[in-house]
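Please give a guided tour of this structure for a reader who has it open in a viewer. At each stop, say what to select and what is found there.

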Amino acid sequence: MKKNIRRIALVIILLSFSYISLNWYVGQQIASRSDEQTAQFSEKLAVLVTRELTHGVNLGIQLSRVGYISGLFSSTAQYDVLMMGQRISSLNVHFSHGPFF
């Protein structure tokens, strides 16, 4: 009887550790890919604004990540929208990460 309880406890501990580890891993992947995705979005935003809204006038608009706080089950990133080097807006984005929710 004690062996079965120990086995069940071990399985629960291993599953819990795996779940927490996967959440941490996903958070790290978000952080590592965020810079690349932000750069691509910034380029597309600049082209769109220049072409569609200002009819060819380059305003130097870009998006840059200025902060990232990684948690175990969620993370928060802060982005600034810059125009000609001056911050015009700030965005806070909250990510909930995990394989099961």
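## Tour of the model

Begin in the loop between strand 2 and strand 3 (86–96), where methionine 84 sits. The model is a predicted one. Select methionine 84 and check its backbone: phi is positive, about 55 degrees, although the residue is not a glycine. Its relative accessibility is 61%, so methionine 84 counts as exposed.

**Helix 1**

Next, select residues 2–53, which make up helix 1. The helix has 52 residues, and the distance from its first C-alpha to its last is 72 Å, close to the 76 Å expected at 1.5 Å a residue. Center the view on serine 34: helix 1 has a kink of about 35 degrees there.

Now color the buried residues of helix 1, which are Asn23, Gly27, Ala31, Ser34, Thr38, Ser42, Ala46, Val49 and Thr50. Serine 34, the center of the kink, is itself in this buried set. When reading the spacing of the set, recall that an α-helix has 3.6 residues a turn, so residues three or four places apart point the same way. To see what covers the buried residues, show strand 1 (61–70) and strand 2 (74–83), which are included in that cover.

**The end of the helix**

Move along to threonine 50, still in helix 1. Is threonine 50 buried or exposed? At 19% relative accessibility it counts as buried, because the cut-off for buried is under 20%. Leaving aside neighbours within four places in sequence, the contacts of threonine 50 are His55, Gly56, Val57 and Asn58. Draw a distance from the C-alpha of threonine 50 to that of glycine 60: the two residues are 10 apart along the chain, and the separation is 8.7 Å.

One of those contacts, histidine 55, deserves a look at its backbone. Histidine 55 comes just after helix 1 and has a positive phi of about 55 degrees.

**The salt bridge**

How many salt bridges does the structure hold? There is one. Select arginine 65 and aspartate 35 to display it; the closest N and O atoms of the pair are 3.5 Å apart. Arginine 65 belongs to strand 1 and aspartate 35 to helix 1, so the bridge ties together parts that are 30 residues apart in sequence. With the surface turned on, both partners can be inspected for exposure. Arginine 65 counts as partly exposed at 26% relative accessibility, and aspartate 35 is partly exposed with a relative accessible area of 43%.

**A nonpolar patch**

Keep the surface on and select Ile20, Trp24, Tyr25, Leu72 and Phe73, which form a nonpolar patch on the surface. Together these residues have about 480 Å² of accessible area. Within the patch, pick out tryptophan 24, which lies in helix 1. Tryptophan 24 counts as partly exposed because its relative accessibility is 47%.

**Strand 3**

For the last stop, go to asparagine 92 in strand 3. What is in contact with asparagine 92, leaving aside its neighbours within four places in sequence? The residues are Ala77 and Gln78. Asparagine 92 counts as exposed, since its relative accessibility is 62%. Finish with a C-alpha to C-alpha distance from asparagine 92 to glycine 67: the pair is 25 residues apart in sequence and 9.2 Å apart in space.

Technical notes. Residues numbered from 1 in each chain as written. Predicted model: local features only at pLDDT ≥ 70, side-chain atom pairs only at ≥ 80, totals over all residues. Heavy atoms only, no water. Helix = DSSP H or I, 4+ residues; strand = E, 2+ residues; numbered from the N terminus. Expected span 1.5 Å × (residues − 1). Bend = angle between axes of the 7 residues up to and from the residue. Buried < 20%, exposed > 50% of the residue type's maximum accessible area, 1.4 Å probe, protein only. Contact = heavy atoms within 4.5 Å. Patch = residues over 30% accessible without salt bridge, like charges linked within 9 Å, V, L, I, M, F, W, Y side chains within 5 Å. Areas by Shrake-Rupley, 256 points an atom, 1.4 Å probe, with all protein chains shown as cover. Salt bridge = Lys/Arg side-chain N within 4 Å of Asp/Glu carboxyl O.
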